[in-house]
Amino acid sequence: MKRFLIVFLIFATLFITGQSVTAESEYKIVHKDKITEDWEVHVDYPRFEHLESKDLQDTVNFQIVQKLEDTLRDVKRGAGEMMGVPYLYYEETTVYKEKTFYSVVMTSHISRGNRYNSTVTSINFQDNQGGTIKKLKDLVYIDRLNKEVKKALEADPDMYLQEPFAGVRDNTAFYVKDDRLVLVFNKFEVAAGVHGTPEISVPLKGLLKEELEKKVPPLPSYT
């Protein structure tokens with residue numbers, strides 16, 4: 001907890017005062033901006049305030065801030081190595097909710113001169129009794145998922161790169177919507193840059209290791 005507070009305060013000092021706008025009851029969107037001679041940063045990110053599990057809430061908020069800190073550190077390092085052309089860093093975030101399963105999908109757009117790149121990260125978690133952070137491998141069978149993704153890539157050769165698919169990464173971004181798993185790939189990862197950060201949606205049926213929302217048995221009654 002102390003580490004989270006320290007990192008959050010360090011991150012906050014790097015930007016001018018941001019404004020929080022209520023997005024949903026569970027979180028607020030925080031806007032931060034900072035412009036220097038060598039780099040420019042504009043980020044939007046959620047700060048959760050009303051999750052069922054407060055320990056989980058602290059962990060999620062910490063991971064969000066840590067991700068932003070890591071990206072900003074890379075931007076500042078790159079700007080220091082080559083002066084003259086500033087780095088532009090924009091962070092956009094979308095929060096998805098399916099039952100009690102949340103996905104915070106964070107897209108980092110970084111450009112310098114005529115060079116552009118976008119990478120995507122997701123923080124996924126189950127907000128219920130004993131809620132925890134969920135990685136892709138915790139949620140689905142990866143071998144089955146890779147087969148579905150490969151079929152989707154091969155079905156649209158005009159969009160996707162026709163190169164051997166090595167499989168999803170351990171940290172491939174994802175979210176769940178309408179009983180489908182949506183994978184979000186980095187720019188240039190599976191398609192040409194003109195397609196941005198492509199999404200591939202596959203049915204969850206047959207992939208899930210466990211239900212997204214387990215039914216908690218009622219407490220025994222002694223009356």
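A salt bridge is a side-chain nitrogen of Lys or Arg within 4 Å of a carboxyl oxygen of Asp or Glu. The exercises below use a predicted model. The structure holds 6 salt bridges.

**Exercise 1.** Which parts of the chain does the salt bridge between Glu26 and Lys97 tie together?

*Solution.*
Step 1. Check the distance. The closest N and O atoms of Glu26 and Lys97 are 3.2 Å apart. The cut-off is 4 Å, so the pair qualifies.
Step 2. Place the residues. Glu26 sits in the loop between β1 (20-24) and β2 (27-35), while Lys97 belongs to strand β4 (residues 87-98).
Step 3. Conclude. The pair ties together parts that lie 71 residues apart in sequence.

**Exercise 2.** Is Glu26 buried or exposed? Classify Lys97 as well.

*Solution.*
Step 1. Recall the cut-offs. Buried means under 20% relative accessible area, exposed means over 50%, and partly exposed lies in between.
Step 2. Glu26 has 12% relative accessibility, so Glu26 counts as buried.
Step 3. Lys97 has a relative accessible area of 43%, so Lys97 is partly exposed.

**Exercise 3.** Describe the salt bridge between Lys67 and Glu91.

*Solution.*
Step 1. The closest N and O atoms of Lys67 and Glu91 are 3.0 Å apart.
Step 2. Lys67 lies in helix α2 (residues 54-81) and Glu91 in strand β4, so this bridge joins parts 24 residues apart in sequence.
Step 3. Both Lys67 and Glu91 are buried.

**Exercise 4.** Where do Arg169 and Glu189 lie?

*Solution.*
Step 1. Their side chains meet in a salt bridge, with 2.8 Å from N to O.
Step 2. Arg169 is in the loop between α4 and β7, and Glu189 is in the loop between β8 and β9. The two residues are 20 apart, and the pair links distant parts of the chain.
Step 3. Arg169 has 25% relative accessibility and counts as partly exposed. Glu189 has a relative accessible area of 29% and is also partly exposed.

**Exercise 5.** Which strands stand at the edges of the sheet β7-β8-β9?

*Solution.*
Step 1. Read the order. This open sheet has 3 strands, β7-β8-β9, paired antiparallel.
Step 2. Count partners. β7 (173-177) and β9 (199-203) each have a single partner strand, so both stand at the edges, with one side lacking a neighbour in the sheet.
Step 3. Add the twist. The average is 25° from one strand to the next.
Step 4. Look at one pairing. β8 (residues 180-184) and β9 pair over 5 bridges. Leu183 stands opposite Ile200 in β9.
Step 5. Add the helix. α4 (residues 142-155) lies across β8 and β9, at about 125° to β9.

Conventions
Residues are numbered from 1 along each chain as its sequence is written. This is a predicted model: local features need pLDDT of at least 70, side-chain atom pairs count only at pLDDT 80 or more; totals for chains, interfaces and linings use all residues. Side-chain values use heavy atoms; hydrogens and water are left out. Two strands pair if DSSP finds at least two bridges between them. Helices (H or I, at least four residues) and strands (E, at least two) are DSSP runs, numbered from the N terminus. Axes are lines fitted to C-alpha atoms, for helices over the stretch in contact, and angles run from 0 to 180 degrees between N-to-C directions. Contact means heavy atoms within 4.5 Å. Buried means under 20% relative accessible area, exposed over 50%, partly exposed in between (1.4 Å probe, protein chains only).
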